Amino acid sequence: MEILKVENVVKSFRDIIAVNDVSLSVSAGRIFGLLGPNGAGKTTMIRMITNIYMPDSGSITLFGQPVSSELQNRIGYLPEERGLYKKLKVIDQLVYFGMLKGMTRPNATTQALKWLAEFGAADWAGKKIQELSKGMQQKVQFICTILHEPDFLILDEPFSGFDPINVEALKNIILKMRGEGKTIILSTHVMQQVEELCDDICLINKGKAILSGRVREIKKSFGRDSVIMEFEGSNEFLNAFPDIEFINKSANRVEFKLNGMSSSDVLKAASESVEVIRFELAEPNFNEIFIDVVGTQEAENE
Amino acid sequence: MSRRSSKIATIINHEYITKVKSKGFIIGTLLGPLIMVALIAIPIATTLLSFEDSAKNIAILDETGTIGPKVVKLDPGRYYLTDKPEDLLKKRTLAEEIDGYLLIPSDAVQTGELEVYTRGGGGIGYLTILDKQLSKIIRRERLVQAGADTNVINLVNKGVSISTIKITEEGTEKDFTAALAGIGYVLGFVIYILMFVYGSFVSRSVIEEKANRIIEIIASSAKPFDILLGKVVGIGLVGLTQVVFWVILSAVLLASAGYIVDLFVNIDPEAIKAGMPQASDSNLPANFEIPSISPWLGVGFIFYFISGYFIYSTLFAALGSAVDQESDAAQLQIPVTLPIIIPILLIGNIIANPDGTLAIVLSLIPFFTPILMMVRVAATDVPVWQIAASVVLLISTFLGCLWVAAKIYRVGILMTGKKPTFKDIYHWIKLAK
């Protein structure tokens, strides 16, 4: 089932076109990666979905209705730039944001205390935000986003500011929410997280959607063109293949693109001169796809 | 309650509660009246003190033989007669043995010209007293020399006292033009301060939410117009709470003031009640009456404060939304702060002639009305049509300001980076549909 449908949306500010004819579709119970370099138009796109901005043209449909201030209550939005009232107590902060999303005061209070406990932060309730560490503030911010139990979440760089342990915990929460049937838009620069979490993606650059679809299919379409190889001995045998494009090159380990060369030729040459420990035909990782696609577009524009 | 109005209510409640619970508010509410009293009392007290302190020891070199002793009789602690030569008196003055000397030439009664020698200064207070005292003595001496009868002299010297009495439907009552003008001045000034204080509260609150990026979360939960309205109303209610507290406090103090004065000053209560003028020769006010203040003055004060606050705070909010930090706001706010300051410069003219055309016109300019109409309402009987006109003009001006401010605010809150110019802001107004 389609939760969000964006059709031919355009948004410009004065002479800058921030979003230029973008269409995308997000299905229920999936994690959708909204990717792109800085200034690509992701935040503008998100602000239109959350009804902060109105598109100049095109349409955005959420839960089968055009976006409106009424629908805002059903969205949980974690902006990239976090913001909390420094002098407000944690509990007052959470209750205020909960009520702004349409919760009653008692309900917001109960939920806030429940989530604080879940994050092992029950005793922060009476503390002021400015007394908390950065990581603690991030947790409070995240609770603000999910307090009203929205079915649709937009998380913009949710992992920034968290230590590795908390990143894992947060990943599990996100996956758990997906398991509960919630739909999540995840915007991030860390491509490893895209591969771990996202079901679908849309890559935006310079206001245009340049790549979209299921993560599995995109990877497949980029082919098994990379080789990861570990061996003992000199890597000089690779000099025989001038077309190889190295991604990584160290004494005993290389990662390269074949660029049309036959993988069996390479393996044969290798086995003649070194002892091969590992030879793997790998799918390209998302980092490469990202750089490749964005780089190609940059080159075309020049 | 609809979803939308419940969100505005949530914002109003948040702004109100966080402000009212703050220490600053509680201290301000309690100390405000004290500061106000101090602002009025200190100039009066220092003026009074200046009459006493200067020139304690003054020699009189009298060539007439008649005026000198009369001056000494007025204040024997200050004046004494001398027959020392003027040179010596000069030296003693310079040596600070005496504060100065008064030279009464032999023809002083005819010419009325006398000379006071001091080391300089002495203060206006002292000269005013001396002038009054000597005029009286010389006037009397002239009459004596002209052979006037003692009765005639007493009659001439009897002071003149004008009491203004106002005619109303209920009969006559004492008119307190001067006192009421003073009250008008104070009330106008308090509105001026409150508009500034609460306007900057709104501006600071907007900038805080923008600088801390809280606004993005709020804007994804409510309409910018509702956020602006909720904020302005919430902080306005804080101001209203404070003002209503002060009005009630003043009412209680005024109601008990007559009673308190009665306790300390023994005046015939009937005289106070009737407000009858009393002829008096002294420089003191005829009596200690407290002008009866209409409760409408309190209502007017609250209305003009609130309407002025609404007009200016929406504009302050709009300009606050345009900047990233508070230090950038001051320059941009000049066009808004100027119309608050101008009426303060005009109060003097308004009080001098509160019923004049200038006063009527100025007090009906909506940006000046909160202060100037307040002054007029206190100082004179403003015709009902003018009050009605001011109410209509204020309300429509507020709606206009809110309309413009909401447009600027909508764009401004999410605009970061470059400090905008007025041209940019004009563009935002056009941009917002």
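Okay, let's start in chain B, with two helices: H12, residues 295–322, and H16, residues 369–379, have axes that come within 9 Å and cross at roughly 175 degrees. That crossing angle makes H12(B) roughly antiparallel to H16(B). Before I go on, a reminder that this is a predicted model.

So who makes that contact? On the H12(B) side you have B:Leu297, B:Gly300, B:Phe301, B:Tyr304, B:Phe305, B:Ser307 and B:Gly308. Across from them, H16(B) brings in B:Pro370, B:Met373, B:Met374, B:Val377 and B:Ala378. Sort the contact of H12(B) with H16(B) by class and you get 9 nonpolar residues, 3 polar ones and no charged ones.

Staying in chain B, there's another helix pair to look at. Helix H17, residues 384–412, and helix H18, residues 422–431, have axes that come within 8 Å, and the crossing is at roughly 100 degrees. H17(B) and H18(B) are therefore roughly perpendicular to each other. H17(B) puts B:Val404, B:Lys407, B:Ile408, B:Val411 and B:Gly412 into this contact, and H18(B) answers with B:Ile425, B:Trp428, B:Ile429 and B:Leu431. By class, the contact of H17(B) with H18(B) comes out at 7 nonpolar, 1 polar and 1 charged.

One residue in H17 I'd like to pick out is B:Ile395; that's where it sits, in helix H17 of chain B. Is B:Ile395 buried, exposed or partly exposed? With 14 C-beta neighbours inside 10 Å, B:Ile395 counts as partly exposed. And have a look at where B:Ser307 is: B:Ile395 and B:Ser307 are 88 residues apart along the chain, and their C-alpha atoms are separated by 7.2 Å. You've met B:Ser307 already, as one of the H12(B) residues in the contact with H16(B).

Right, over to chain A. Here we have 9 helices and 14 strands, and 302 residues, of which 37% are buried. Along the principal axes, the C-alpha atoms of chain A fill a box of roughly 75 × 45 × 35 Å. If you take the contacts in chain A with a separation of 6 or more, 66% of them are between residues 24 or more positions apart.

How is chain A divided up? The domain assignment gives domain 1 as 2–220 and domain 2 as 224–282. Taken over C-alpha atoms, the centres of these two domains of chain A are separated by 42 Å.

Let me take you through two sheets in this chain. One is an open sheet of 4 strands, in the order E2-E1-E4-E5, with antiparallel pairing. At its edges stand E2, 16–27, and E5, 65–66, each with a single partner strand, so one side of each is left without a neighbour in the sheet. Further in, E1 of chain A, residues 2–13, runs antiparallel to E4, residues 57–62, and 5 bridges join the two. If you want a pair to click on, the bridge partner of A:Glu7 is A:Ser59, in E4(A).

The other sheet is also open and has 4 strands, in the order E12-E13-E11-E14 of chain A, and the pairing is antiparallel. Which strands are at the edges? They're E12, 245–249, and E14, 275–282; each has a single partner strand, so one side of each has no neighbour in the sheet. On average, neighbouring strands of this sheet are turned by 20 degrees against each other, direction ignored.

Within that sheet, E11, residues 226–232, pairs with E14(A) in the antiparallel sense over 7 bridges. A:Met229, for instance, has A:Phe279 in E14(A) as its bridge partner.

A:Glu230 is in E11 too. It has 16 other C-beta atoms within 10 Å, so A:Glu230 is partly exposed. Leave out residues up to four places away in sequence, and A:Glu230 touches A:Asn252, A:Arg253, A:Ile277 and A:Arg278. Now compare that with A:Asp200: the C-alpha atoms of A:Glu230 and A:Asp200 are separated by 32 Å, with the two positions 30 residues apart along the chain.

Last stop, where the chains meet. The contact takes 22 residues from chain A and 17 from chain B. On the chain A side, the elements giving two or more residues are strand E6, 75–78, and helix H2, 90–100. H2(A) has the largest share of that side, 4 residues. And by class, the side of chain A that touches chain B has 12 nonpolar, 5 polar and 5 charged residues.

Terms used
Residues numbered from 1 in each chain as written. Chains lettered and ligands numbered in written order. Predicted model: local features only at pLDDT ≥ 70, side-chain atom pairs only at ≥ 80, totals over all residues. Pairing = 2+ DSSP bridges. Axes fitted to C-alpha atoms, helices over the stretch in contact; angles between N-to-C directions. Buried ≥ 20, exposed ≤ 12 C-beta atoms within 10 Å, placed from the backbone. Contact = placed C-beta atoms within 7 Å. Nonpolar A, V, L, I, M, F, W, Y, C, P; charged D, E, K, R; others polar. Domains from an automatic or database assignment. Parallel < 35°, antiparallel > 145°, perpendicular 65-115°, else oblique.
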